[in-house]
Amino acid sequence: MCIYRFKDGKQCQLDGAEKGLCFWHDPDIDKRGQALGDELSQLVHEGHSMEGAFLAYTNLDGINLVRHGHSEGYSLAYADLFHASLRQAHLFKVDLSHASLMKADCREANLHCANLEQTNLLGARFDEAKIENIHWGEPMYYELLGKKAFAERNRKQAVMYFEQAEEVSRNLRKVSERQGLFELAGYFFIKEMTHRRYQMPKFSWPRLVSKAVDTFCGYGEKPARVIMFSLVIIVLFALAYWVLGIADGGNGIGLQADLSIEQNLMNLGTSLYFSVVTFTTLGYGDLVPIGFSRLLAAMEAFTGSFTLALFVVVFVKKMTR
C-alpha cells in the first residue's frame, strides 16, 4: 500500500512501488507527456483521492472530473500540475486548493465553481476557460508569501513575491475582460494595483498616492467609497462650522452655551445644510462663513469639486462596462 498520507491523516489505498509510494504520488517517476487523463479519471471516479499527486508535464487534455450528484467536487488539492496540459478539461467544482498550476495549460477548461484557494497560478493559461464563480481565496498564493516575507523583514523576497502576484492578477484581469466578466476583472485590477503598491518603498510618495486612490475609490472600481468619503467630509465640516460659527443675515449660528439643547441641535442641522451646499458648490447665499470658517469653507468647496468630478469618472467607468 502507498505510504503517502493525506492532510486528514488517511493513507493512500493504491499499491506502492519500491519506495513505498504509488505511481501517482511518487515525485521521481517521470510522467512527462504521458496521456493519463482516462486512467486518472477512472481512479477518481472509483473513490481514490488524488490529493498531493505529482502530475507535472502530464497530458490531461479533456479529462472529466465532474462529480455528479454531490455538493463537493473531487480533490486534487496539493497536487503538482506544473506545466500540465488541461485543455478542455472538465473540472467543475474540483478542489485545486494549495495545488500548483504554474505554467499549466488550462485553455478552454471548465473551472466553474472550482476551489483555487492558495493555488500557484503563475504563468497558467486560462484563455476561453470558464472561470465564473471560482473560489480564489483571500489572500492569494503569492500575496500571502509576500506578506509573510514582509513580516520576516525580508523586503527583497517580498518584492519578488508581489511582482509575481501582480503578474498573476494582471493575467486573470485580462482573461476576465476578454470574457466580459467585468466585475471579476475589476476585482483583479484592484489586486494588481495593490500588489504593485506593495513593491514601492514603504514611505515613498508614489505609494502614499496609490494608497489614497485605493482608499477614496478602490482604484476607480468602487464608487461607493467616493460617496462614503463625501459624507464623512460633509459631516466633519458641519461639526467644524457648528463650533466655529456661521452667519445668517448678521445673526451668528453655532454651538452656544446659553442656548437650549434643542436650539443647538437646530443650529447643527443648519451647519449641516451649509456644509452640503458648500461641498456641492451651490452657494445659495442665505448663509455665509465668518472668521476661520471662511478658510474651512474654501477648503471644503475645493474638496467637493474634486470629489464630485472623481465620482463622475468612477461611476461612468463602471457603467460603461
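**Exercise 1. Is Glu192 buried or exposed?** Find where Glu192 sits, classify it, and list its contacts from distant sequence positions.

Solution. Keep in mind that this is a predicted model.
- Step 1: locate the residue. Glu192 belongs to helix α4.
- Step 2: look at its accessibility. The relative accessible area of Glu192 is 3%.
- Step 3: compare with the cut-off. Buried means under 20%, so Glu192 is buried at 3%.
- Step 4: list the contacts. Leaving out residues up to four places away in sequence, Glu192 touches Glu166, Ser169, Arg170 and Arg173.

**Exercise 2. Describe the overall build of the chain, and decide whether it is spread out or compact.**

Solution. Let's begin with the elements and then turn to dimensions.
- Step 1: count the elements. The chain has eight helices and three strands.
- Step 2: put them in order. Starting at the N terminus, they read α-α-α-α-α-α-β-β-α-β-α.
- Step 3: compare with the globule rule. For 321 residues the rule gives 20 Å, and the radius of gyration is 29 Å, well over that value, so the chain is more spread out than a compact globule.
- Step 4: check the outline. Along the principal axes, the C-alpha atoms fill a box of roughly 95 × 40 × 35 Å.

**Exercise 3. Summarise burial, contacts, surface and charge for the whole chain.**

Solution. Take one property at a time.
- Step 1: burial. Of the 321 residues, 44% are buried.
- Step 2: contacts. Consider contacts between residues at least 6 apart in sequence: 45% of these join residues at least 24 apart.
- Step 3: surface. About 17100 Å² is exposed, with carbon and sulfur atoms supplying 58% of it.
- Step 4: charge. The chain carries 34 positive and 36 negative charges, and their mean positions lie 5 Å apart.

**Exercise 4. Which elements do the buried residues of α8 pack against?** Check the span of the helix on the way.

Solution. We go from the helix itself to its partners.
- Step 1: span. Helix α8 covers residues 293–319, which is 27 residues. From first to last C-alpha α8 reaches 38 Å, close to the 39 Å expected at 1.5 Å a residue.
- Step 2: buried residues. In α8 these are Ser293, Leu296, Ala297, Glu300, Gly304, Thr307, Val314 and Lys318.
- Step 3: partners. The buried residues of α8 pack against four helices and a strand: α4 (182–198), α5 (205–217), α6 (223–244), α7 (261–279) and β3 (288–289).
- Step 4: link back. Helix α4, one of these partners, is also the home of Glu192.

**Exercise 5. Classify Gly20 and Met102 by accessibility, and give the contacts of each.**

Solution. Treat the two residues in turn.
- Step 1: Gly20. This residue lies in the segment before α1 (37–45). Its relative accessibility of 13% makes Gly20 buried.
- Step 2: contacts of Gly20. Apart from residues up to four places away in sequence, Gly20 touches Met1, Cys2 and Ile3.
- Step 3: Met102. This residue is in the loop between α1 and α2 (141–151). With 23% relative accessibility, Met102 counts as partly exposed.
- Step 4: contacts of Met102. Beyond neighbours within four places in sequence, Met102 contacts Leu81, Phe82, His83, Asn120, Leu122 and Tyr142.
- Step 5: distances. Met102 and Met1 are 101 residues apart in sequence, with 30 Å between their C-alpha atoms. Gly20 and Ala114 are 94 residues apart, with a C-alpha separation of 31 Å.

**Exercise 6. Examine the backbone at Pro139, His98 and Glu108.**

Solution. Start from the usual case.
- Step 1: the expectation. Most residues other than glycine have a negative phi, and most peptide bonds are trans.
- Step 2: Pro139. The peptide bond from Glu138 to Pro139 is cis, its omega being near 0 degrees. Pro139 lies in the loop between α1 and α2.
- Step 3: His98. Also in the loop between α1 and α2, His98 has a positive phi near 65 degrees. His98 is partly exposed, at 37% relative accessible area.
- Step 4: Glu108. In the loop between α1 and α2, Glu108 shows a positive phi of about 65 degrees although it is not a glycine. Glu108 is partly exposed, with a value of 33%.
- Step 5: surroundings of Glu108. Setting aside neighbours within four places in sequence, Glu108 contacts Arg87, Gln88, Asp127, Glu128 and Ala129. Glu108 and Arg87 are 21 residues apart along the chain, and their C-alpha atoms are 5.8 Å apart.

How values were computed: Residues are numbered from 1 along each chain as its sequence is written. This is a predicted model: local features need pLDDT of at least 70, side-chain atom pairs count only at pLDDT 80 or more; totals for chains, interfaces and linings use all residues. Side-chain values use heavy atoms; hydrogens and water are left out. Helices (H or I, at least four residues) and strands (E, at least two) are DSSP runs, numbered from the N terminus. The radius of gyration is taken over C-alpha atoms; the globule rule is 2.2 Å times the number of residues to the power 0.38. Buried means under 20% relative accessible area, exposed over 50%, partly exposed in between (1.4 Å probe, protein chains only). Contact means heavy atoms within 4.5 Å. Accessible areas come from the Shrake-Rupley method with a 1.4 Å probe; for residues, only the protein chains shown count as cover. Lys and Arg count as positive and Asp and Glu as negative; His and the chain ends are not counted. The place of a charge is taken as NZ of Lys, CZ of Arg, CG of Asp or CD of Glu. The expected span of a helix is 1.5 Å times one less than its number of residues.
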